[in-house]
Each structure stands twice: as C-alpha cells, then as structure tokens.
Amino acid sequence: MGKYFGTDGVRGHVGQSPITPDFVLKLGWAAGKVLAAQGNTRVLIGKDTRISGYMLESALEAGFSAAGVRVAFLGPMPTPAIAYLTSTFRAAAGIVISASHNPYYDNGIKFFSDTGHKLSDDIERAIEEMLDQPMDCVPSEQLGRASRIHDAAGRYIEFCKSVFPSDLSLQGRKLVIDCAHGATYHIAPSVFRELGAEVIEIGTQPNGLNINEGCGATNTKALSEAVVKHGAELGLAFDGDGDRLMVVDERGKLIDGDEIVYVLAKQMHADGELDGGVAGTLMSNMGLELALKSLGVPFIRTPVGDRHVMEGLQSQRWVLGGESSGHIINLRQHTTGDGILAALQIMTGLVRKNVGIRELLKGMEKLPQVLVNVRFQPGTDPLNADNVKSAVQEVENALADKGRVLLRKSGTEPLIRVMVEGRDASVVRAYAQQIAQEVEAVGTE
C-alpha cells in the first residue's frame, strides 16, 4: 500500500479525495512523466459505464497531454480487454477507469504495464513521488495528442473467440448472460452469439447509474430467475468491469469462484495443461483444497485479492488461481483475470464431454463456511488477546483436519472477520459465535 495507490490502483468515492478532477489530472501528468522517461509516449485509456468515467477520462487526457504523452481512447471496455489491447498496441501503459463491483458513485484508476500486467511497485512508487512535485507543462509543440481506437470492441471479441477450440461450437446451447450494466455489455453477448449460442441478455442497458445494481456477479438473483424462466442450460454473470465470473446452473443454483476454479483445474489437469498447482486465498473454501488434493494437485493460499493470487502464481510458476468472489486467473490464456475467458473455458468442457455443469463439479463438496463480523473497541487488538487466542486454539483442536479457523481485520472498518468452516453447518455456526463472543469481550472489562 502506497501513499495513493492501494492494492488495485487508486479508488474512492467520486468527488472526494482522491477521486477528484484535480487529483486525477495530476495523476495523469505524473504517470505521463514517469512513462515518457522510459521512452514510450503512448497510453490507452478505457473505462466502464459509470457516469463519472467521462469526467475522469477528460482529466487524465489533460494530464497526459501536459506531460507530452499521446492518448488513445478505447471507450467502455472490460478491464482484461484493456490489458490485452495495451500489449497488442505496444503502448507504454493501459489505464482503466473503473471501481469494479462497487456502486456507480465510486470510481478508480488502475494501470497495466506494456506487457498487460499490473504496474510494478517500482513504477507506482515513481508515480507517487512525481505526484508530490509541482506540475508543469511541455512546450505546445510537444503536447500529447488524443485519438480514438474505433474497432477496440471487435478486436477483443475476436481475441476471446480465439481461445475457444475451432473444432467446437456452441450451437444449440441456450445461455443467459448478465453483464451488470457494465463494461461487458457490448462484448460478452457478441462473443457467445458468434460462437453459436442462443443468448438471452440481462444487465446490458447501462445508463451511467445502474452498474452492478441488483445484477451481475455480486447479485445473481435475477440471473437465476431468468435461467429457470427461459429453460437455459447455464447463466453467466460478470461484474462491472468484467474480471469476475459467477455461474448458475439450469436450476438457478449458484456456482461460485471456488467451484469454477475446481472445474477448470480438473479439466486442465486431465489435459496436462495445469503446470503445477492452484493458488487460492485465505477465504477459499476448504472443500476446494480437499478436492484438489484428491486429484494430486498442490494448493496454496494467498491474502485476499487477485493481485495476491497473481503474486502466488508467479512465485510458484503456476498458471491457474482464483477467488471465491469469481476472480479467475489463467495465465495460459491471459495476463490478468478475465470473466469471459473463464466462461469460455467452462463451455469448452461442457461441449467436449457433452454433460451438464454438475457433472463437471463431481469430486468437490463445499464445506459449510460461516463468517461473523465483530466490531472491536478502538485501541484494542483482539487478534493478540489471550482469551481470543485460547478460543481459536480450542476450536482448531476440535476441528482437527476437518475444518479451519481464520480471523482477520477489515481494511476499512474496526471489524474482526471471524470465519469458521467444517463439515457440520450447525457446529461451525456455534464455533464462530463462540469465538465472536471472545472478540467482543476484549476491552469491555
């Protein structure tokens, strides 16, 4: 975490620091100065469908221009599409204006390098240092020009289709696709239609204010209802910027990121494409870990966040990882998480085996997982309190190797998140409450 950059760029409430026009103007200038010093003076800028994207796009353009950097606009595009196009256009960086799964009144700025990966910590630090310098402007003849890439959507649609085997078709497959009124609204339906599927669209009417509102990967109720209503084989839900995927089966039952990771891992392991193991997070269900173990596939846990999953994969030189929230990373396909590509990989398995999604899920049973949020007293540290440690040890001893306990602090509120999972839901719930009571007791005596 830097002075301005969080784990995934700069993010916040629009109109409040740091998501203000003046700061974003200077951010564009600072990034432009750092990138131009490396010799490449062209960047791509894409965004999701939030109304504030227009304002932030203009501010970034002015900042980059003042630094002598050329800007090419992509318009509304999924985050992974911007990463891909940055690499193919040999740009110095790709800038994404998005707050992912957050409501419309939030927004953020994140960067991809010229290779389509997240910016290195060194470059982020250099940008932060430049932000503290007085802003200047290059001479008029050196100002950066702006242009628009009009076929950006078509280019990315063709890339997505290229990962689906050319000998297969989605002909005869009925899918419901929920784009969360976000950046995939004009991409995902076309990808699946052009591969032969019958597509029923929901969440494809963005108005600047409805992104992620009661739809998409963070709220699959409407998708479940639509799948059942239309008799579809599957429902696919993306989040506002297109890097998350959730799936519902033909009965409308949710299939989350942990289950998607298992389906893909089993498929890749059988095909000899896994190259090692799988990276999950501290919140990944233990059922995933046990199912992978039965396949002989190693599994590691990283801190929560797709950036950490990526770091775990890179350290192990593995290719597949993901989160229960639906971030799925397959480095055989792309440099970053991509909801559309993950969905296409699932469809490849369904078509090849000519089975339903539940057949692909055989071998994994999710364990009941209970999460309790406990507010704690300022100035106290429940994670180091003896009574809390004792309660955790007692529960861990009782669960043995048939469950686990995780306590972690919220990054934004004075909350301790108590997570317990095991084979019996009622027992797990009781254990979580037992630990939560001890957390609440800290500082009250």
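**Exercise 1. Work out whether Leu209 is buried, partly exposed or exposed, and where in the chain it sits.**

Solution. Start with the number: Leu209 has a relative accessible area of 41%. Buried means under 20% and exposed means over 50%, so Leu209 counts as partly exposed. Keep in mind that this is a predicted model. Next, find the place: Leu209 is in the loop between strand E8 (198–202) and helix H7 (221–230). Finally, look at its company on the surface. Leu209 joins Ile51, Tyr54, Tyr104 and Tyr105 in a nonpolar patch of about 520 Å².

**Exercise 2. Find what lies over the face of Tyr54.**

Solution. Go back to the patch, since Tyr54 is one of its residues. Now look at the face of the Tyr54 ring: Lys47 lies over it, at 3.6 Å from the ring centre.

**Exercise 3. Decide how the rings of Phe5 and Phe111 are arranged.**

Solution. What do you need to describe such a pair? The distance of the centres and the angle of the planes. The model has six aromatic pairs by the rule used here. For Phe5 and Phe111, the centres are 5.9 Å apart and the planes are at 55 degrees. Stacked needs under 30 degrees and edge-to-face over 60, so this pair is tilted. Then check the sequence: Phe5 is in the segment before strand E1 (10–13), while Phe111 is in strand E5 (residues 106–113), so the pair links distant parts of the chain, 106 residues apart. Both Phe5 and Phe111 are buried.

**Exercise 4. Do the same for Tyr84 and Tyr156, and say which of these two is buried.**

Solution. The ring centres of Tyr84 and Tyr156 are 5.8 Å apart with planes at 55 degrees, so this pair is tilted. Tyr84 belongs to helix H3 (residues 79–88) and Tyr156 to helix H5 (residues 152–162), so the pair ties together parts 72 residues apart in sequence. Now the accessibility: Tyr84, at 22%, is partly exposed, whereas Tyr156, at 0%, counts as buried. One last step: ring pairs link Tyr84, Tyr156 and Phe159 into a cluster.

**Exercise 5. Check whether the radius of gyration agrees or disagrees with that of a compact globule.**

Solution. With 445 residues, a compact globule would have a radius of gyration near 22 Å. The protein has 23 Å, which agrees. For the overall picture, the C-alpha trace spans about 70 × 65 × 40 Å along its principal axes. The protein has 14 helices and 18 strands, and 56% of its residues count as buried.

Note on methods:
Residues are numbered from 1 along each chain as its sequence is written. This is a predicted model: local features need pLDDT of at least 70, side-chain atom pairs count only at pLDDT 80 or more; totals for chains, interfaces and linings use all residues. Side-chain values use heavy atoms; hydrogens and water are left out. Patches are made of residues with over 30% relative accessible area and no salt bridge: like charges are joined within 9 Å, nonpolar side chains (Val, Leu, Ile, Met, Phe, Trp, Tyr) within 5 Å. Accessible areas come from the Shrake-Rupley method with a 1.4 Å probe; for residues, only the protein chains shown count as cover. A salt bridge is a side-chain nitrogen of Lys or Arg within 4 Å of a carboxyl oxygen of Asp or Glu. Helices (H or I, at least four residues) and strands (E, at least two) are DSSP runs, numbered from the N terminus. Buried means under 20% relative accessible area, exposed over 50%, partly exposed in between (1.4 Å probe, protein chains only). Rings of Phe, Tyr and Trp (its six-membered ring) pair if their centres lie within 6.5 Å; planes under 30 degrees apart count as stacked, over 60 as edge-to-face and the rest as tilted. A charge sits over a ring if NZ of Lys or CZ of Arg is within 6 Å of the ring centre and within 35 degrees of the ring normal. The radius of gyration is taken over C-alpha atoms; the globule rule is 2.2 Å times the number of residues to the power 0.38.
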